[in-house]
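Morning, everyone. I'll take a few minutes on one model, then we can discuss.

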Protein chains: 4
Amino acid sequence: MGDSALLIIDPYNDFMSKGGKLYDRTKETAEAVGFYDNMRKLIPAVRAAHIQVIIVPHHRWREGDYKGWKHMNPSQILSNKAQNFAAGTWGGEFHPEFGPQEGDIIVLEHWSQSGFANTDLDSQLKQLGIQKIILVGMVANTCIEATARFGMELGYHVTLIRDAIAAFSHEGLHAALEVDGPLFAHAILTTNELLDLLSAES
Amino acid sequence: MGDSALLIIDPYNDFMSKGGKLYDRTKETAEAVGFYDNMRKLIPAVRAAHIQVIIVPHHRWREGDYKGWKHMNPSQILSNKAQNFAAGTWGGEFHPEFGPQEGDIIVLEHWSQSGFANTDLDSQLKQLGIQKIILVGMVANTCIEATARFGMELGYHVTLIRDAIAAFSHEGLHAALEVDGPLFAHAILTTNELLDLLSAES
Amino acid sequence: MGDSALLIIDPYNDFMSKGGKLYDRTKETAEAVGFYDNMRKLIPAVRAAHIQVIIVPHHRWREGDYKGWKHMNPSQILSNKAQNFAAGTWGGEFHPEFGPQEGDIIVLEHWSQSGFANTDLDSQLKQLGIQKIILVGMVANTCIEATARFGMELGYHVTLIRDAIAAFSHEGLHAALEVDGPLFAHAILTTNELLDLLSAES
Amino acid sequence: MGDSALLIIDPYNDFMSKGGKLYDRTKETAEAVGFYDNMRKLIPAVRAAHIQVIIVPHHRWREGDYKGWKHMNPSQILSNKAQNFAAGTWGGEFHPEFGPQEGDIIVLEHWSQSGFANTDLDSQLKQLGIQKIILVGMVANTCIEATARFGMELGYHVTLIRDAIAAFSHEGLHAALEVDGPLFAHAILTTNELLDLLSAES
C-alpha cells in the first residue's frame with residue numbers, strides 16, 4: 001500500500017470535540033458506527049504502516065469571507081452564519097488526536113465540499129507518488145463524498161472506511177455509503193477490514 | 001437568464017428511447033416524475049427563451065476502452081461490459097427529441113460521471129459568458145449529481161429540475177434530490193416552476 | 001470593464017522592495033520599462049475605476065516544504081534554497097503599496113508558476129462574475145506567463161500590461177511579451193493605453 | 001522508466017507532411033535540429049522499450065467551431081481562418097509514421113495550446129500509473145510549452161527533447177528551450193541522450 005494515502009477530512013474541534021459547534025449534530029451517527037473508537041484504532045495503525053497521512057481541511061471562517069460572491073451554496077450560507085471552524089478559535093483548531101502530526105501533509109483549505117477543488121491536493125498526491133486514497137472523517141454526504149467523487153474523476157483509486165465516517169443524519173450516511181458510494185468508490189471497507197489489509201502486508 | 005445554460009445530460013437512445021439498453025432500468029422513476037412529458041415541455045420552452053442548450057454526453061463505448069487502466073470504477077466496469085452508448089450503434093446516437101439541434105453546443109464526452117471532469121465544459125461555459133447551469137437528464141445520483149457538484153465547486157450557480165431527472169431507483173432519485181441536492185444546489189425546481197421563471201422574464 | 005479584474009502577481013517585498021532577495025535580480029528590466037512608476041500610476045487608477053483587485057501570491061517558503069516531493073522543478077529548487085518569501089519574514093510580507101488593500105481579494109498561494117494551478121483563483125473569479133483578467137507584477141516568463149496562459153486555457157480574456165511587468169533578464173521579458181504573449185494573450189497594452197481605456201469608460 | 005510516457009504533440013499531416021498547411025512554416029527549425037530524423041529514431045526506440053506512447057491531438061477544425069465564443073485567442077483566430085487540421089481532410093489526419101499505432105492512447109483534442117486543459121490527459125496518465133512525461137512534436141513555444149508547463153503544475157516530471165521539437169521561428173524555439181524551459185522543465189535532453197537512458201535501462 002505504498003502508493004496509498006489516508007485522507008483525514010476536516011478534523012476540527014468544531015466537528016470532533018465535545019463542545020464543538022457541530023459535534024452534537026454528528027454525534028448520533030458517530031455513535032452508531034463507533035466513529036471515535038475506530039478513528040483511534042485506525043489512524044495509529046496507518047501511521048505505523050508508514051502510509052502517508054494527509055489532512056484535508058475545510059475553509060476556516062474569517063471575517064469578510066465570500067465578499068461579493070454571486071452564488072454561495074446552501075452549505076456555505078449556513079457555515080458562514082455559524083462561523084464554523086473560525087480561524088483563531090478553538091473550534092477551528094485541529095482535533096488533538098485526529099489532526100496533523102509530524103510528517104503529515106496539510107493541504108490548502110477547501111471552500112466548499114471537495115478537498116480537491118481549488119486546492120493543492122491533487123498535485124501533492126502526484127508529487128508523493130500516491131495513486132490510492134482512503135477517506136475518513138466528516139461529513140459523509142458532503143465533504144467525504146465530494147472529495148471521493150472528485151478523486152475518482154481525476155483517476156485515483158478511492159476507498160471509503162464506512163465506520164470511520166459520520167454524518168448529520170442516518171439518511172445522509174446511507175446516501176453516501178449505500179446508495180452513491182457503491183457507484184463511484186473502488187472499495188468500501190470497515191476499519192477492521194482495513195487493519196487486516198495492513199497486517200497482511202506487513 | 002441570459003447568463004444561464006440548459007445542460008442536457010446523456011440524452012442517448014440507450015437511456016431515453018424504448019429498446020435502449022438502460023431504458024427499462026430508468027423507466028419506473030421516469031414515469032413517477034413524468035420525465036418524458038416534462039422534457040418535451042421544458043426543452044422547447046428553453047429554446048424559445050434563447051437560453052443556450054448544451055449537450056453533455058457520456059463516453060460512448062469503443063473497443064479497447066480502458067486499456068491498461070489501473071482502477072476502473074464500478075460504473076465503468078458495468079458500462080464497459082454492457083457496451084453502453086456504443087459508438088456507431090443506435091444506442092449511442094442522441095435521442096431525436098432530446099439531443100442536439102442547430103445552435104446547441106456539444107461538449108466532449110465524459111469518461112465517468114461528471115460532465116466537467118476531463119472535458120471542455122467549463123471553458124465552453126466561460127467562452128459563452130454563462131454563470132448558471134440548469135440540469136436535466138440522467139442519472140440523478142451519478143452523472144447529474146456529479147456534474148452539479150463539480151459545477152458548484154468551480155463557482156457556477158446550479159439548478160436541478162426535479163421532475164426532468166430520472167434514476168435507476170427511487171432511492172437514487174431521493175439521495176440526489178432530497179438528501180444531497182439541498183446541500184450543494186442553489187435551486188431545485190419543478191419543470192413548471194422553471195417555465196414560470198421563463199415567462200416572468202419574457 | 002465591470003467584468004474585469006486586475007491580478008497583481010507576487011507583490012512581495014522580496015521582489016519589489018529595496019533589500020528584498022530578488023529585488024536586484026529584477027531591477028534592470030524594471031528600470032528599463034519604468035515598472036515602479038507604472039505600478040504607482042496604474043493600481044490607484046484601477047481602484048478608482050472600481051475594478052476588482054486580486055492579489056495572486058506565490059507560495060511563501062516554510063520549513064519542511066516539498067517534503068517527500070519526487071520532482072521539484074528548477075524554480076522550486078532555487079526558491080527553496082533561497083527561502084524566498086519566507087513566511088513570517090519581511091521578505092514574505094506584501095509590498096506596502098502594491099499589496100492588498102481593503103476590498104481586495106487574496107487568493108491561495110500557488111506552489112509553482114501559475115496562479116490558477118492548485119488555488120481558488122478560478123472559482124473566486126467566477127463567483128465575482130469576472131471574465132477578463134489584467135496582469136501586472138513579476139516575473140514575466142514565469143508566474144506572469146504561466147498565470148496568463150492558464151487563464152486563457154480556462155476561457156478567460158487575458159491582458160498583459162507590458163510596462164508593469166518585470167523579469168530576471170531582458171531575454172525573459174522579450175520571450176513573454178514579444179515571442180509567446182502575442183500567441184496566447186488577447187491584448188498586450190502599455191500602462192497608458194490601459195489608463196486611456198479606463199478614462200474612456202468613466 | 002516504467003512510470004514514463006512519450007507524448008507526441010499534434011502529429012498531423014498539416015504540421016509534419018510535405019504539403020501540409022503548416023509544414024513550410026516549421027520547416028526551417030525542423031531542419032536545423034534534425035526534427036524528422038530524430039523522430040524516426042526516437043519513436044521506434046521508445047516503443048521498443050515498452051514506454052507508453054500517448055497522442056496529444058490539437059482540435060481539428062470543424063464548421064461552426066468557436067460559435068458564440070467571447071474571446072478566441074490569437075492562435076485560434078488564425079487557426080480557424082486557415083482551417084488547420086480540418087476534420088475529414090488529409091491535413092487533419094495523423095502523420096503515418098508519427099501518429100498512433102496499436103497500443104497507443106489517443107487523448108481528447110485540446111482547443112488551445114495545452115494538451116492537459118479541457119481534456120482527459122491527466123486522468124489517463126493517472127489510470128496508467130504514469131508520473132513522468134517526455135514531450136516531442138510541435139510547436140515549441142505554443143503546444144509543447146503549454147502542455148509541459150501545465151503538466152509540471154499538475155505534479156508531473158517533465159522532459160523536453162530539444163531536437164525533436166520544432167517551431168515557427170528560431171526565436172520561438174529559443175524561447176521555449178533556452179529561456180523558459182530551464183525554469184519549468186525537469187530535464188531537457190537530446191534524442192541521443194534519451195536513447196542512451198533507454199539503453200542503460202534495458
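I'll go through two interfaces, then the cores, then some local details.

One caveat at the start: this is a predicted model.

Let's begin with chains A and B. Here 34 residues of chain A are in contact with 34 residues of chain B. Together the two chains bury about 2,800 Å². Carbon and sulfur atoms account for 51% of that area. Which residues of chain A lose the most area to chain B? They are His71(A), Glu153(A) and Leu183(A). Those three make up 25% of what the chain A side buries.

Now the polar side of this interface. The rule finds two salt bridges between chain A and chain B. One of them pairs Glu145(A) with Arg149(B), at 3.4 Å from N to O. Polar contacts link 26 residue pairs across the A and B interface, with both partners at pLDDT 80 or more. Three helices of chain A each supply at least two residues to the side that touches chain B. They are helix H4 (74-82), helix H6 (140-154) and helix H7 (170-184). Which of these gives the most? H7(A) does, with nine residues. By residue type, the chain A side divides into 13 nonpolar, 15 polar and six charged.

Next, chains C and D. In this interface, 34 residues of chain C are in contact with 34 residues of chain D. The buried area is about 2,800 Å², and carbon and sulfur atoms give 52% of it. On the chain C side, His71(C), Glu153(C) and Leu183(C) supply 25% of the area buried against chain D. No other three residues of chain C supply more.

How many salt bridges are counted between chain C and chain D? Two. In one of them, Glu145(C) meets Arg149(D), with the closest N and O atoms 3.5 Å apart. There are 26 residue pairs in polar contact across the C and D interface, both partners at pLDDT 80 or more. The elements of chain C that give two or more residues to this side are helix H4 (74-82), helix H6 (140-154) and helix H7 (170-184). H7(C) gives the most, with nine residues. The chain C side splits into 13 nonpolar, 15 polar and six charged residues.

Now the cores. As general background, nonpolar side chains in soluble globular proteins tend to be buried together. The largest nonpolar core in this model has 133 residues. Which members touch the most others? Ile54(A), Leu160(A), Ile54(B) and Leu160(B). Take Ile54(B) and set aside its neighbours within four places in sequence. Its contacts include Ala5(B), Leu6(B), Leu7(B) and Ile8(B). Further along chain B, they also include Ile105(B), Val107(B), Leu121(B), Leu125(B), Leu128(B) and Ile130(B). Apart from the largest core lies another, of 132 residues. Among its members are Trp111(B), Ala166(C), Leu195(D) and Leu198(D).

On to Gln124(C). This residue is found in helix H5 (residues 121-127) of chain C. Is Gln124(C) buried or exposed? Its relative accessibility is 3%, so it counts as buried. The side chain of Gln124(C) makes a polar contact with the side chain of Trp69(A), at 3.2 Å. Beyond its neighbours within four places in sequence, Gln124(C) is in contact with Trp69(A) and Trp111(A) from chain A, and with Ile105(C) and Val107(C) from chain C.

Last, some backbone details. In chain A, a cis peptide bond joins Met138(A) and Val139(A), with omega at about 0°. Val139(A) is found in the loop between strand S4 (132-138) and H6 of chain A. In chain B, a cis peptide bond joins Met138(B) and Val139(B), with omega again about 0°. Val139(B) is in the loop between strand S4 (132-138) and helix H6 (140-154) of chain B.

Two positive phi values to finish. Tyr66(A) is not a glycine, and its phi is near 65°. It is found in the loop between strand S2 (52-56) and H4 of chain A. Tyr66(A) is buried, with a relative accessible area of 8%. Asn118(B) is not a glycine either, and has a positive phi of about 65°. Asn118(B) lies in the loop between strand S3 (105-106) and helix H5 (121-127) of chain B. At 11% relative accessibility, Asn118(B) counts as buried, because the cut-off is under 20%.

That's it from me.

Conventions
Residues are numbered from 1 along each chain as its sequence is written. Chains are lettered from A and ligands numbered from 1 in the order in which they are written. This is a predicted model: local features need pLDDT of at least 70, side-chain atom pairs count only at pLDDT 80 or more; totals for chains, interfaces and linings use all residues. Side-chain values use heavy atoms; hydrogens and water are left out. Contact means heavy atoms within 4.5 Å. Buried area is the accessible area (1.4 Å probe) that two parts lose on being put together, summed over both. A salt bridge is a side-chain nitrogen of Lys or Arg within 4 Å of a carboxyl oxygen of Asp or Glu. A polar contact is a pair of N or O atoms within 3.5 Å; within protein, one must be able to donate a hydrogen and the other to accept it, and residues adjacent in sequence count only if both atoms are side-chain atoms. Helices (H or I, at least four residues) and strands (E, at least two) are DSSP runs, numbered from the N terminus. Ala, Val, Leu, Ile, Met, Phe, Trp, Tyr, Cys and Pro count as nonpolar, Asp, Glu, Lys and Arg as charged, and the others, Gly among them, as polar. Buried means under 20% relative accessible area, exposed over 50%, partly exposed in between (1.4 Å probe, protein chains only). A nonpolar core is a set of buried Ala, Val, Leu, Ile, Met, Phe, Trp, Tyr and Cys residues joined through side-chain atoms within 4.5 Å.
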